[in-house]
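Dear colleague,

Please find below the structure that I am handing over to you. My findings follow it, together with the cut-offs behind each term.

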Amino acid sequence: MARVVITGGAGFIGSHLCQSFLERGDEVICMDNFLTGSRENVTPFALHKRFTLIDHNVTRFIGIEGPVDMVLHFASPASPVDYLELPIPTLKVGSLGTHNALGLAKTKSALFLLASTSEVYGDPLVKPQREDYWGNVNPVGPRGVYDEAKRFAEAMTMAYHRYHGLNTRIVRIFNTYGPRMRMKDGRVVPNFITQALKGEGLTVYGKGAQTRSFLYIDDLVRGIHRMVECDYHLPVNLGNPHEITVLDFAKKVLDLTGSKSSIVYKPLPEDDPQVRQPDISRARELLGWEPQVQLEEGLAKTVHYFSQRLRG
């Protein structure tokens, strides 16, 4: 049995990780300040004897009594709505929060895993995006607060690995979706599903020609578990290499929900990435991992979750 600290553990991805480590038989310490996370996400296992919930902002010193085997750093606003409204907290959790989480791992001689993001590639000039691509990021644009926070977090993690010999992992997470996403998350999956279920127009930016790739949460969690078990320290992409345009995705949501909603076109936001397609060759080779859940299957489960939420 491992003792695992998960920062941002009440968030969408963090809560699924809490659940999966509990199911594996581990002890989980979930840390969240609920800036974007939700207590409701961890309610199903809040009374579990191997689960502890700590209300704490990781930009302040992190102290945990007793041994710790793993620190998984998932604390951060993660949607454009969040980090455009919370630019300074986003930068602080990527810098100070990462430093403090790394400090905890170093003190406890624990494995450290950083949740990075495809946003480190910015608006990429190449596709698919391989881990050795350095990206095309505007550091002073509105999205730069998230992009650069994660790029800094990666640099800090590698510095701790090289200087202190800390056992580290870095996963670059591409668009992931599933139950426990917030309806007002601002990302394309909850936006489209909520709008379709409510009979509202689906908001497509530009002509909808920009591409995304969508990974179901169960596949991501499986990849993270394999990453923890793999002795590899450089970044690894975890995402779905199947690319789809935003417009085609909107039509797929309309088909799945049976909605009669129209599609509403709005201007593209500044620095909105035009392509998102991971090269997962490294994950296939190192982890024996690739997505298993088809988009239609994952979307059906996600639509069911949102429809239940809307019914209250």
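**Salt bridges and the central sheet**

E119 is buried, with a relative accessible area of 12%; buried means under 20% relative accessible area, exposed over 50%, and partly exposed in between (1.4 Å probe, protein chains only). The model is a predicted one, in which local features need pLDDT of at least 70 and side-chain atom pairs count only at pLDDT 80 or more, whereas totals for chains, interfaces and linings use all residues. Residues are numbered from 1 along each chain as its sequence is written, and side-chain values use heavy atoms, with hydrogens and water left out.

The partner of E119 is R276: their side chains meet in a salt bridge at 3.3 Å, N to O. A salt bridge here is a side-chain nitrogen of Lys or Arg within 4 Å of a carboxyl oxygen of Asp or Glu. R276 lies in the loop between β13 (263-266) and α9 (281-287), and E119 in the loop between β5 and α5, so the pair ties together parts that are 157 residues apart in sequence. Helices (H or I, at least four residues) and strands (E, at least two) are DSSP runs, numbered from the N terminus. R276 is also buried, at a relative accessible area of 1%.

By the salt-bridge rule, the count comes to 19. Two further examples lie within helices.

- In helix α5, the side chains of E148 and R151 form a salt bridge of 3.4 Å, N to O. The two residues are 3 residues apart, and therefore separated by about one helical turn. E148 is partly exposed at 25% relative accessibility, and R151 is partly exposed with a relative accessible area of 30%.
- In helix α7, R222 and D219 are likewise 3 residues apart, about one turn of the helix. Their closest N and O atoms are 2.8 Å apart in the salt bridge. R222 is buried with a relative accessible area of 19%, and D219 is buried at 2% relative accessibility.

In addition, salt bridges that share partners join D82, R182, D185 and R187 into one network.

I turn next to the sheet. Its 7 strands form an open arrangement in the order β3-β2-β1-β4-β5-β6-β11, and the pairing is parallel; two strands pair if DSSP finds at least two bridges between them. At the edges stand β3 (51-55) and β11 (235-238), each with a single partner strand, so one side of each is left without a neighbour in the sheet. Neighbouring strands are turned by 20° against each other on average, direction ignored. For these angles, axes are lines fitted to C-alpha atoms, for helices over the stretch in contact, and angles run from 0 to 180 degrees between N-to-C directions.

Within this sheet, how many residues of strand β1 (residues 3-7) are buried? The number is 5 of the 5, so β1 is largely enclosed by the rest of the structure. In a regular strand the side chains alternate between the two faces of the sheet. In β1, R3, V5 and T7 point one way and V4 and I6 the other way.

Strand β1 is joined by 5 bridges to strand β2 (residues 27-32), and the two run parallel; T7 has M31 as its bridge partner in β2. The chain passes from β1 through helix α1 (residues 12-23) to β2, and this β-α-β crossover is right-handed. Right-handed means that, with the strands pointing away from the viewer, the path from the first strand over the helix to the second runs clockwise. Another 4 bridges link β1 to strand β4 (residues 70-73), also in parallel, and there I6 has L72 as its bridge partner.

Strand β6 (residues 168-173) is joined to β11 by 4 bridges, the two running parallel, with V171 and V236 as bridge partners. Helix α7 (residues 217-229) packs on the sheet, touching β4, β5, β6 and β11, and its direction makes about 160° with that of β6. Contact means heavy atoms within 4.5 Å. Helix α5 (residues 144-164) lies across β5 (111-117), β6 and β11, running at about 155° to β5.

Finally, S259 is placed in the loop between α8 (246-257) and β13, and is buried at 15% relative accessibility. Leaving aside its neighbours within four places in sequence, S259 is in contact with A196 and L254.

With kind regards
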